[in-house]
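Visitor: Hi, I have a new model open. Could you walk me through it?

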Amino acid sequence: MLEILIAPETFAALVRSLVPLLLLGLGGLICHRVGVFNVSLEGIMLAGAFGGLAGSVLTGSAIAGVAIAIVSGVIVASSLSFGGIVRGADPIVIGISVNLLVVGLTSFLLFAIFGVRGSLQQPGTDGLDAIRLPGLGEVPWLGSMLNSLTALGYVAILATVAMQLYLSRTRSGLRLRGVGMRPGAAATLGISPSRYQTAAVLVSGVLGGLAGAQLSLGNVVLFTENMSAGRGWIVVVAVLLANGRVLPLVGVLALFAYVDAVGIRLQSFGLPVQFADAAPYVVTLIALVAIAALRRRRGGIAVAAA
Amino acid sequence: MTAVTTAGRRRDPAVLARRVLAALTGTVTVSILAALVAVGVLLVAIGQNPFDVYGALVEGSLTGRGLVTTLQRSVPLVGLSIALIYSFRAGVFNLGGQGQFLVGGLASVVTALALPGTGIAGIVVACAAGVAAGAAWGVVPGVIQVTLGPPVLVTSLLLNYIGIAGVSYVISLLKPPASSEQATPTIAEDLKIGALVPAQSDLGAAMGQALERNDVLLLAARGLNWSFVVVILLVVATILFNRRTATGFEAGVTGLNGAFARNVGIRGSRIVLTSLAISGGLAGLIGALVVLGTNYRLLDGQFEATGYAMTAILVVLLGRSSPVGAVLAGFFFSMLQVGGEELNRTFALSPAIASIIQALVIFFVVLRLGIPVVTQRLRKRAEAAATGERVEEVPDAVPGPRDNSTVKEG
């Protein structure tokens, strides 16, 4: 039973679970760095998941589905940026109302367009297949991880590298971090904080839309109501834990995905399904508490929202 | 909400008229109208006549049996909103209502199953178990925040998922082996909370003879149970708590301005813990009332499916953390929900239309849509144009609690 912990299949499941989290996480991270507390990640991802599958079913092409997923994510993100940045509304309240709005709208549209309730699965829908690499795919262990990556999986890897380079090596990335740290100081240098913030929120819409598409077109080819299932909140916590840095974020999300993968695999050994369901949230909560306790002991800053 | 000191001024008709006008042109009214218009556009887009749809929604939720269903749904919704008010008013963003509600329901059903039939005393004990479990569950995020710092907002939400899975597991243990449903056994007959006027009682029989079979009064007397009265008492108690007790006052001050409250010597951590314990305890009580008064057992997933706990957050935001506001907003949101289900039957529309209107109303409220705001801004802009000054936006009250996520021992 213990070999499950290192089995190649477990790591393949980890990768499938990690890709959408990573895409969404990078969106949350850029918002965190620019000083916007984005609690609509859940809604952005759900909209992306719906847009992705609906788009693929209606157009017959997964690529068109991904494009529609991006548009859906951006629409949700722009309602957040309008409310939070332009109108100065409470980011938490606006985020929660946006999330609930997306839950309602996706169920409504599911019924209005496809006439079904609960979930939509049509045989023959074009999904995103995993890309099998000819050479590297044969390597044991690593191969099974690489072979479970879809095109969006490679996008996630590229986006992670790009985000790290953007934040650390570019002038615009430096300015973005400046806006997050001291918006007033940035403004005196002629940088418009609201422009950077709006852009970051829209980028989180693009990335979150892709994350949703990976859920509904990559991992499985179906949409169910509320299929984001709290992942957006896990990502919010992960970004707080990582304090807005890229590598720690990847680590936290990988831990979450690993627990998720092991939990699912252990079910075949008679682990009650509820334990697998709760495990990622328990691990996240423990990590949150443990890291806060460590930071407190070192006298550093406590983990706090925004 | 008028405080005691303004009770005298209320009688002045001019002041009253101005108040009514302010309410009619205020953010809440305008937001509701805007949400209805937005959903109306959506309805036109899918080929429905919005006036017909809204007419059916009102008729389905405010007449006859529909009205009784609306009242029935209002009971847990208003109850959970009252529970959340205790934390939101103190500036604590408690998103854990779902878990507290569920854990309370589970504790009460477990207690009720363990108790031999003991009538009223048994009901009280089962409710007390619900309160204790909800309070214990609810206070955990508070303890984490005041000792280590991670915000209640996030931890309370994570605990929901853990609670849902944990309760589901306990249900699977309690499930009778022969049963195909994932549910606990049904509680004893005399532990069920009865209808206000049971059909078998003398009064019930007399009412049955005096009134028509479909009379709303008769349907309400038989369809509503004593939880209705409990929630009314809770509303009154909350108004008194907020206005007349030191803790209620301190919680209100902390919610309005955490830094000020700390500086005048109010201990933030104590307020966070107290408000979460009360919030969780009351949410647990509502869980117990739903189990003992409506479901008589706990079916896996049933509490989550109602959406009460998440809708209650919106109710509190719309009602601006006031108990009377929660009653009005809770009734309104129940009405949308019941009417939405009616639309599903008559127009083949998704009942999700109710949640869309609800979320949109809050969205617009947070954007501070309101005629006074608009006219004020226009007037200011005109003045500014005259004097050549720049316009400063004056944010008016936002209905959410201030972000007190960093409240620490002080």
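Guide: Happy to; we can take chain A, the contact between the chains, and then two helices of chain B.

Visitor: Great, any ground rules?

Guide: This is a predicted model, where local features need pLDDT of at least 70, side-chain atom pairs count only at pLDDT 80 or more, and totals for chains, interfaces and linings use all residues. Residues are numbered from 1 along each chain as its sequence is written, while chains are lettered from A and ligands numbered from 1 in the order in which they are written.

Visitor: How many helices and strands does chain A have?

Guide: Chain A has 12 helices and two strands. Those are DSSP runs numbered from the N terminus: H or I of at least four residues for helices, E of at least two for strands. The order along the sequence is α-α-α-α-β-α-α-α-α-α-β-α-α-α.

Visitor: And what share of chain A is buried?

Guide: Of its 306 residues, 54% are buried. Buried means 20 or more other C-beta atoms within 10 Å of a residue's own, exposed means 12 or fewer, and partly exposed is in between, with C-beta atoms placed from the backbone.

Visitor: Switching topic: how many residues does each chain put into the contact?

Guide: Chain A and chain B each bring 42 residues; two residues are in contact if their C-beta atoms, placed from the backbone, lie within 7 Å. On the chain A side, α4 (91-114), α10 (231-242) and α12 (273-297) each supply at least two residues. α4(A) gives the most, with 15 residues.

Visitor: What's that side made of, by class?

Guide: The chain A side has 30 nonpolar, eight polar and four charged residues. Ala, Val, Leu, Ile, Met, Phe, Trp, Tyr, Cys and Pro count as nonpolar, Asp, Glu, Lys and Arg as charged, and the others, Gly among them, as polar.

Visitor: Now α10 of chain B. Which residues are buried there?

Guide: S227(B), F228(B), V231(B), L234(B), T238(B) and N242(B) are buried in α10(B). Seen down the helix axis, they fall within an arc of 110°, so they line one face; the arc is that of the directions from the helix axis to the C-beta atoms.

Visitor: What covers them, and what's on the other face?

Guide: The cover includes α4 (64-88), α11 (246-256), α13 (268-295) and α16 (323-346) of chain B. Turned away from the buried side are the exposed V229(B), L233(B), V236(B), L240(B) and R244(B).

Visitor: Last one: is α5 of chain B mostly covered or uncovered?

Guide: Mostly covered, as 15 of the 18 residues of α5(B) are buried.
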